[in-house]
Amino acid sequence: MSSPLEPPPLKRGLADKSKSSPDSDSDPESPLTKKQKTSMDRDAASDHYHTILRRLSGMNEFAAQHGMLGREKMDTLMAGLNENADENQQLNCLTELCNFLSIGTEDTVSGFRSDAFVPLLVQCMRKEHNIDIMILAARALTHLMEALPSSCNTVVAAGAVKVFCEKLLAIEFIDLAEQCLHALEKLSTEHAHILLKEGALAAM
């Protein structure tokens, strides 16, 4: 029997029970929380991926609007200008190339692969049986030199001056002769000695 002075035993309440329970913040993550975190990480990665795709799409749109050619497109055009390609395909590629170069500037055509295209264009100018291909090839070379003056060196190195002079001397087709004359005018300032060597003076 307890003494009258001894206080009665205290009952454990909810507060005491909560104190004795482990801190909820220190609980390890439950399986559900881990799944939620994995899902959030996956969603974040997906958002990042789509953001990159949108940026690439925007770059392609910018390139199209500003007259730029991507590497894949240039490869397609070069394949179409190859001597083994169908002539209708060559005409289509030359037309597209002329349209691109005619509105090009030194900034938009800075990545243009002149060293790869110029030999193909000079080769097209030798297709005596197809006047349309020869005219478009000469036009493309002229537009290229106008848009990218540094390409003149490539044009000279590819032997284009000799071909221009040959077409001028023959004068079988007025349109082709005029286009060759324009091309030689673009070269006359920096490469006058080459023009004289190839007989451009007599051709003019």
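Student: Does His-191 count as buried or exposed?

Tutor: The model is a predicted one, in which local features need pLDDT of at least 70 and side-chain atom pairs count only at pLDDT 80 or more, while totals for chains, interfaces and linings use all residues. Residues are numbered from 1 along each chain as its sequence is written, and side-chain values use heavy atoms, with hydrogens and water left out. The term buried means under 20% relative accessible area, exposed means over 50%, and partly exposed lies in between (1.4 Å probe, protein chains only). His-191 has a relative accessibility of 10%, so this residue counts as buried.

Student: Which residues are in contact with His-191, leaving aside its neighbours within four places in sequence?

Tutor: Helices (H or I, at least four residues) and strands (E, at least two) are DSSP runs, numbered from the N terminus. His-191 lies in the loop between H9 and helix H10 (192–197). With contact defined as heavy atoms within 4.5 Å, and with neighbours within four places in sequence left aside, the partners of His-191 are Cys-152, Asn-153 and Val-156.

Student: How many helices does the chain have?

Tutor: Read along the sequence, the chain follows the pattern α-α-α-α-α-α-α-α-α-α-α. Its strands number zero, and its helices number eleven.

Student: What percentage of the residues of the chain count as buried?

Tutor: The cut-off for the term has been given above. Applied to the 204 residues of the chain, it gives a buried share of 32%.

Student: Among contacts in the chain between residues at least 6 apart in sequence, what percentage join residues at least 24 apart?

Tutor: The count starts from contacts between residues at least 6 apart in sequence. Among these, the share that joins residues at least 24 apart is 64%.

Student: At what angle do the axes of helix H3 and helix H4 cross?

Tutor: Axes are lines fitted to C-alpha atoms, for helices over the stretch in contact, and angles run from 0 to 180 degrees between N-to-C directions. The axes of H3 (residues 71–81) and H4 (residues 87–102) come within 8 Å, and they cross at roughly 135°.

Student: What word describes how H3 and H4 lie to each other?

Tutor: Angles under 35 degrees count as roughly parallel, over 145 as roughly antiparallel, 65 to 115 as roughly perpendicular and the rest as oblique. The crossing angle is roughly 135°. H3 and H4 are therefore classed as oblique.

Student: How many residues of the contact of H3 with H4 are charged?

Tutor: On the H3 side are Lys-73, Thr-76, Leu-77, Gly-80 and Leu-81, which meet Gln-89, Gln-90, Cys-93, Leu-94, Glu-96 and Leu-97 in H4. Ala, Val, Leu, Ile, Met, Phe, Trp, Tyr, Cys and Pro count as nonpolar, Asp, Glu, Lys and Arg as charged, and the others, Gly among them, as polar. The contact residues comprise five nonpolar and four polar, and the charged ones number two.

Student: Which residue forms a salt bridge with Lys-73?

Tutor: Side chains of opposite charge can pair when their charged atoms come close. A salt bridge is a side-chain nitrogen of Lys or Arg within 4 Å of a carboxyl oxygen of Asp or Glu, and the count comes to five. At 2.8 Å between the closest N and O atoms, the partner of Lys-73 is Glu-96.

Student: Is Lys-167 buried or exposed?

Tutor: The side chain of Lys-167 meets that of Glu-128 in a salt bridge (2.4 Å, N to O). Lys-167 belongs to helix H8 (residues 160–170), while Glu-128 is in the loop between helix H5 (114–124) and helix H6 (131–147), 39 residues apart. Because its relative accessible area is 7%, Lys-167 is buried.

Student: How far apart are the closest N and O atoms of Glu-146 and Lys-186?

Tutor: This salt bridge links Glu-146 in helix H6 with Lys-186 in helix H9 (residues 174–187), 40 residues apart. Glu-146 counts as partly exposed at 43% relative accessibility, and Lys-186 is partly exposed at 39%. Their closest N and O atoms are separated by 3.5 Å.

Student: How many residues of the contact of H8 with H9 are nonpolar?

Tutor: The axes of H8 and H9 come within 9 Å and cross at roughly 140°. In H8, Val-161, Phe-164, Cys-165, Lys-167 and Leu-168 meet residues of H9, among them Leu-176, Ala-177 and Cys-180. The contact has no polar residue and one charged residue, and its nonpolar residues number eleven.
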